[in-house]
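Here's a quick tour of a protein model, from the inside out. Have the viewer open while you read.

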Amino acid sequence: MKNEAKTDIANLVLSREKESYSALEVSLEKQLDAWKKNPTWVDEVPEIKVNVPKGSLCNLNVKFKVGLPPDAIYNIVIDPDNRRVFKNIKEVISRRVLVDEGLRQIVEVEQAAIWRFLWWSGTISVHVLVDQNRRDHSVRFKQGKTGFMKRFEGCWKVEPLFVDEQLCFPYKPETWADYDSCTGGKGRIGSIVKLEQLIQPALLPPPPFSWYLRGITARTTEMLIHDLLAETARIRGAANYDSSNRELTLSSDPNVGSPVRSATDIKERWRHRRSKHRRRRSLVMLGKAG
């Protein structure tokens, strides 16, 4: 009888999880419809911070805004076939779901990742345990089998952003229901995406090789962000997204590998991309006006 009771409780929990997920899908469809009706959005320069804890290669923190709701971003990040989006993933060698609780899963993944730096390039195998939780739109990953890396861990976290909050002025919405009501169902929901990543090699190389490896780490993260934003622009139906600089090569400056220099170079490139995007958008608007 006790086992039957436990089974009934488990089935009830799974049933509620499925109902919650169905509700999320309906809500996401409505949110995406608002973006398709008004796809106007300009990507901002990501906030990138790089520091070097004792004994580590680097600790990288990134924060940026995206023109799509959290569920859409979460779906891209956890997609088993997301190598079609993230170009640094060469192939998924294996993928196994260890725990499945509906809105939360723990997945064991091994994939081959591509890295490029100066005139060098290569492929490394990465084995991680991924804890993905739709309740708070978080994806935590941690290295499983050790190899070249002693520690490789981090977390994606996606939070909602009320893009058209000014339509509610002077009222400040606290929930999606409030926001939906005060904007008449036209308010778009974007996302604030945060990525934290800690890398510690089994053997920390001396300078200048450690600088080069930090440069690779910062640059790989930049490519991830760019690929993610390109995919969100595609989903929004935005035209003329600038993806021409996806395969950039870092400067041969000997200081390029330093954490501060790498973060600064990334910010400068993103400001340049944003400026190009605005100019192109202005030309399109002038063409339409003509």
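Two residues count as being in contact when they have heavy atoms within 4.5 Å of each other. One caveat before using that: this is a predicted model.

## W156 and the core

With that cut-off, W156 touches V77, H137, S138, V139, F141, V193, K194, L195 and L228, leaving aside residues up to four places away in sequence.

W156 also shows up in the largest nonpolar core, a set of 44 residues where F64, I73 and W156 have the most contacts inside the core. Helix 2, spanning residues 70–78, gives the most to this core, with six residues. In soluble globular proteins, nonpolar side chains tend to be buried together.

## Backbone oddities

H137, one of the residues W156 touches, sits in the loop between strand 5 (120–133) and strand 6 (138–143). Its phi is positive, about 50 degrees, even though H137 is not a glycine. Is H137 buried or exposed? H137 counts as buried because its relative accessible area is 14%, and the limit for buried is under 20%.

Then there's the peptide bond from F169 to P170, which is cis, with omega near 5 degrees. Look for P170 in the loop between strand 7 (149–162) and helix 3 (176–182). For context, most residues other than glycine have a negative phi, and most peptide bonds are trans.

## A nonpolar patch outside

Over on the surface, L98, V99 and L129 make up a nonpolar patch, together offering about 210 Å² of accessible area. L98 belongs to strand 3, residues 89–100, and is partly exposed, at 41% relative accessible area.

Conventions. Residues numbered from 1 in each chain as written. Predicted model: local features only at pLDDT ≥ 70, side-chain atom pairs only at ≥ 80, totals over all residues. Heavy atoms only, no water. Patch = residues over 30% accessible without salt bridge, like charges linked within 9 Å, V, L, I, M, F, W, Y side chains within 5 Å. Areas by Shrake-Rupley, 256 points an atom, 1.4 Å probe, with all protein chains shown as cover. Salt bridge = Lys/Arg side-chain N within 4 Å of Asp/Glu carboxyl O. Helix = DSSP H or I, 4+ residues; strand = E, 2+ residues; numbered from the N terminus. Buried < 20%, exposed > 50% of the residue type's maximum accessible area, 1.4 Å probe, protein only. Core = buried A, V, L, I, M, F, W, Y, C linked by side-chain atoms within 4.5 Å.
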